[in-house]
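Subject: Handing over a structure, with notes

Dear colleague,

Please find the structure we talked about below, together with its sequence. I would be glad if you kept it open beside you while you read the notes that come after it.

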Amino acid sequence: MKALSNEAIALRRDLLESVLLASQPFWREMPFRVERPQWVNDYPDLDDALQRMPAERLGALLDDNRALVEWLGDRVAIPGYGVDLLDVPALPRSTVGSSLRSAWGVPGRKRAQIEAFAAATASPKNPVLEWCAGKGHLGRLFSLTHGVLVTSLEIDAELCRAGEALASRAGASTQAFVAADAFSRDAARLVSGRHVMALHACGDLHRDLVVAATTHGAAGLAVSPCCYYRLRETRYQPFNPSSRLELSRDDLHLAVTETVTAPGRGVRERDRATQWKLAFVAWRETQTGAGYQTFKPVPSAWMSQPFSEFMSRLCEREGLASPPSRALADLLQQGERRFALMMRRSVVRLAFRRLLELWLVCDLAEPLISHGFDVSLGVFCDRKLTPRNLMLRAAAPA
């Protein structure tokens, strides 16, 4: 199966948007904030099936997007909804391989991601610009394996100095660093005539890169987007002018909820943090009589304190009286109960996470396609290495 090209990307985008618009009641409401989403009233049998589902089956569904979509599709009639929407081919891989010298200072999983990204990137015929480079691990690999001129753009001067030391040690003589903000006009101009690469550039960083590529004449592009919700604005602005899909930052979080890298301890700590926050939500509701209200992120240090201290600190910050000690056990039980309910009802919402992510990447391709770039969309590695495995490749018009 070949990578999706210009027409196929536009078609997939339109199909995904049609499904996402038709299915909004299933994914708009967040079970963390809405204990009983509207679909529970409309599809009681669906909710009953989730509540009765064995934990092993629940975990298996959450670990397999295709199984998740198939499970929901068997129970709810949504026009166009099906596993075929998830089908994205693997990009062809070159024999770029790796360089032991480029691997110094690179954690194992990150190294594997870099090598997979490089192998799925067409051999550049132009100088390379590494966008949001960090220590320049990706650029160093291209310098060593292709001998191509590489400019690694990174805002953090300390990371640039560390990258320069790694390049010197490895003998990557064609790599140079530029300490600059990727959002600046000068950075955008660096795109001109270069083959730009961005592995896991977040939000507006990958959006601005695509705009710069079309505005300043990039020779080519290889980008793997990440953290779609990291935007300047509170709402997503589609590149496709005919789009009718309206998305908030909260909606965009759905696209990155699939994770495969957290260790068991990390999962337990994450779950406990959610239970404690839900306990606070329950307490605030009893005190204010109002429904869910957003609150700022909780400092991680608070999670290492006893539950009583966590509640005291968060209540103080949010302008609430702290619960009496006799109420803490009941509040914790409420948090645990809400968490168990949330996890099961979240299954319905999560059945749209990959569809939303695919729509976002297809929408990201819109400026490139409209400016005559030859664009292809595929996956550059297995999801077990990283679920953010989608890549757009683009070649400038001749």
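The notes below take up the strands, then the cysteines, and then the largest pocket.

Please keep in mind throughout that this is a predicted model, so that each statement here describes the model.

A good place to begin is strand S4, which covers residues 195–202. Seven of its eight residues are buried, so S4 is largely enclosed by the rest of the structure. Strand S1 (residues 128–130) is joined to S4 by three bridges, and these two strands run parallel; if you look for a residue pair there, you will find Glu130 opposite Met197 of S4. S4 also pairs with strand S5 (residues 220–226), again in the parallel sense, over seven bridges, and here Val196 stands opposite Leu221 in S5. To get from S4 to S5 the chain passes through helix H11 (residues 204–215), and the β-α-β crossover that results is right-handed.

You may then ask how many disulfides the structure holds. The number is zero, and two of the cysteines let you follow the reasoning, given that a disulfide requires two cysteine sulfur atoms within 2.5 Å. For Cys227, the closest cysteine sulfur is that of Cys202, at 3.5 Å, which is too far for a bond. For Cys160, the closest cysteine sulfur belongs to Cys132 and lies 11 Å away, so this pair is too far apart for a bond as well. Both cysteines count as buried, since buried means under 20% relative accessible area: the value is 14% for Cys227 and 5% for Cys160.

The last topic is the largest pocket, which has a volume of about 1,600 Å³. Its lining is made up of 42 residues, and those that lie nearest its centre are Thr257, Arg270, Thr274, Met342 and Met343. Sorted by class, the lining holds 21 nonpolar, 13 charged and eight polar residues. Four helices each supply at least two of the lining residues, namely H5 (55–62), H12 (249–253), H13 (264–288) and H15 (325–350). Which helix gives the largest share of the lining? That is H15, from which eight residues of the lining come.

With kind regards

Conventions. Residues are numbered from 1 along each chain as its sequence is written. This is a predicted model: local features need pLDDT of at least 70, side-chain atom pairs count only at pLDDT 80 or more; totals for chains, interfaces and linings use all residues. Side-chain values use heavy atoms; hydrogens and water are left out. On a 1 Å grid over the protein atoms alone, a cavity is a set of points where a 1.4 Å probe fits but cannot get out, and a pocket is an open set with protein on both sides within 12 Å along at least five of seven lines; lining residues have an atom within 4 Å of a point. Grid points are joined across faces, edges and corners, and a volume is the space filled by probe spheres set on the points. Ala, Val, Leu, Ile, Met, Phe, Trp, Tyr, Cys and Pro count as nonpolar, Asp, Glu, Lys and Arg as charged, and the others, Gly among them, as polar. Buried means under 20% relative accessible area, exposed over 50%, partly exposed in between (1.4 Å probe, protein chains only). Two strands pair if DSSP finds at least two bridges between them. A crossover is right-handed if, with the strands pointing away from the viewer, the path from the first strand over the helix to the second runs clockwise.
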